[in-house]
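Please look through the sequence and the model shown below, keeping the ligand in view. The paragraphs that follow begin with its surroundings and then turn to the backbone.

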Amino acid sequence: MSTEAIGIDIGGTGIKGALVDVDTGELLSERIKLATPKGGEPEDIVKTVTDVISQIPGVAEGTPVGVCFPAVVQHGVTMSAANVSHRWIGLQAEDLFEKAIGRDITFVNDADAAGYAETQFGAGKDERGLILMTTLGTGIGSAIIYDGHLVPNAELGHLALDGFDDYEKQASYAAKEREDLSWKKWAERLQKYYSYLERLFSPDLFIVGGGVSKHYDDFLPLLDLTTEIVPARFRNNAGILGCASLAAHGAGTRRRKSAEVAVDKTN
Ligand code: BGC
């Protein structure tokens, strides 16, 4: 098994990448960050990803590559597009990246990557049981990890709650910014959100990530929950670490080529 892998995190504002030591979770290179092309169109994003990879120094040939993306990723196909161009929906995105990069990649949802990183190296390291990771950013990303095993593609940011049909629009960090909510007002929404998750899943631990988690002292103490809730250890690097690690451990969402999917449908 490889101990080094490249992780690439595609986000709404930036595409970041680095070489990662997947045993320790340390970055082995500087972090390269390029702006996400306006509109988030597939060709532009693919091009930017290849640019990021070519700028990462010290990469040995054959190093595994993990790429994470802010959408449901099933068998290499992007199935949703909450905060990127709608042209991603139903796209054989993994193939597109592989053709452009010239080798196989591991392609996963961004919050799944972040959750995996936290359980491997961060706030959930050595924790057993059910961990729910949420990332509070442009949207709300979520990952379900049970005893170290990732259950991919939980889209818990889009729960219908409190009369709203997509609660990430109320409780994401972008909603706080957009509506200029105080920590207290925002925490009232987070309270509803995490209480609901608690009712649905009875988790053992909540981990809260996203850039805003560095201000955890301003909002986590305002929440009244039965479940322990802790800030993520990694903020901006969680996606990079997680997808690099999934790539090296061969533990991404199980990949089936489109031909196999077609065969399955006939059963
Ligand atoms: C998307 C998720 C993603 C999250 C964080 C949501 O809007 O539906 O797939 O993980 O944003 O980027």
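In this predicted model, the ligand lies between two domains, because domain 1 (4–112 + 237–266) and domain 2 (126–231) both give residues to the shell around the ligand. The place that holds the ligand is the largest pocket, and the elements that give two or more residues to the shell are α3 (110–121) and β10 (140–146).

Which residues make up the surroundings of the ligand? Going along the sequence, the reader will find P70, A71, A82, N83, N109, D110, A111, I140, G141, E155, H158 and E168 around the ligand. When these residues are sorted by class, the shell proves to be a mixture, with five nonpolar residues, four polar ones and three charged ones.

Some of these neighbours can be followed down to single atom pairs, each of which involves an oxygen atom of the ligand. In the side chain of H158, an N or O atom is 2.6 Å from an oxygen atom of the ligand, and for the side chain of E168 the corresponding distance between an N or O atom and a ligand oxygen atom is 2.9 Å. With A71 it is the backbone that takes part, since one of its N or O atoms lies 3.5 Å from an oxygen atom of the ligand. As for the ligand's surface, the ligand taken alone exposes 310 Å², and the protein buries 92% of that area.

The backbone itself deserves a separate look. Most residues other than glycine have a negative phi. Where, then, is H75 found? H75, whose phi is positive and near 50° although the residue is not a glycine, is found in the loop that runs between β6 (73–74) and β7 (77–78). A positive phi also occurs at D162, likewise a residue other than glycine, with a value near 60°, and the place of D162 is in the loop between β11 (149–151) and α4 (168–171).

Definitions and conventions: Residues are numbered from 1 along each chain as its sequence is written. This is a predicted model: local features need pLDDT of at least 70, side-chain atom pairs count only at pLDDT 80 or more; totals for chains, interfaces and linings use all residues. Side-chain values use heavy atoms; hydrogens and water are left out. A residue is near a molecule or strand if one of its heavy atoms lies within 4 Å of it. A polar contact is a pair of N or O atoms within 3.5 Å; within protein, one must be able to donate a hydrogen and the other to accept it, and residues adjacent in sequence count only if both atoms are side-chain atoms. Accessible areas come from the Shrake-Rupley method with a 1.4 Å probe; for residues, only the protein chains shown count as cover. On a 1 Å grid over the protein atoms alone, a cavity is a set of points where a 1.4 Å probe fits but cannot get out, and a pocket is an open set with protein on both sides within 12 Å along at least five of seven lines; lining residues have an atom within 4 Å of a point. A molecule sits in a cavity or pocket if more than half of its atoms lie within 2 Å of its grid points. Helices (H or I, at least four residues) and strands (E, at least two) are DSSP runs, numbered from the N terminus. Ala, Val, Leu, Ile, Met, Phe, Trp, Tyr, Cys and Pro count as nonpolar, Asp, Glu, Lys and Arg as charged, and the others, Gly among them, as polar. Domain bounds come from an automatic or database domain assignment.
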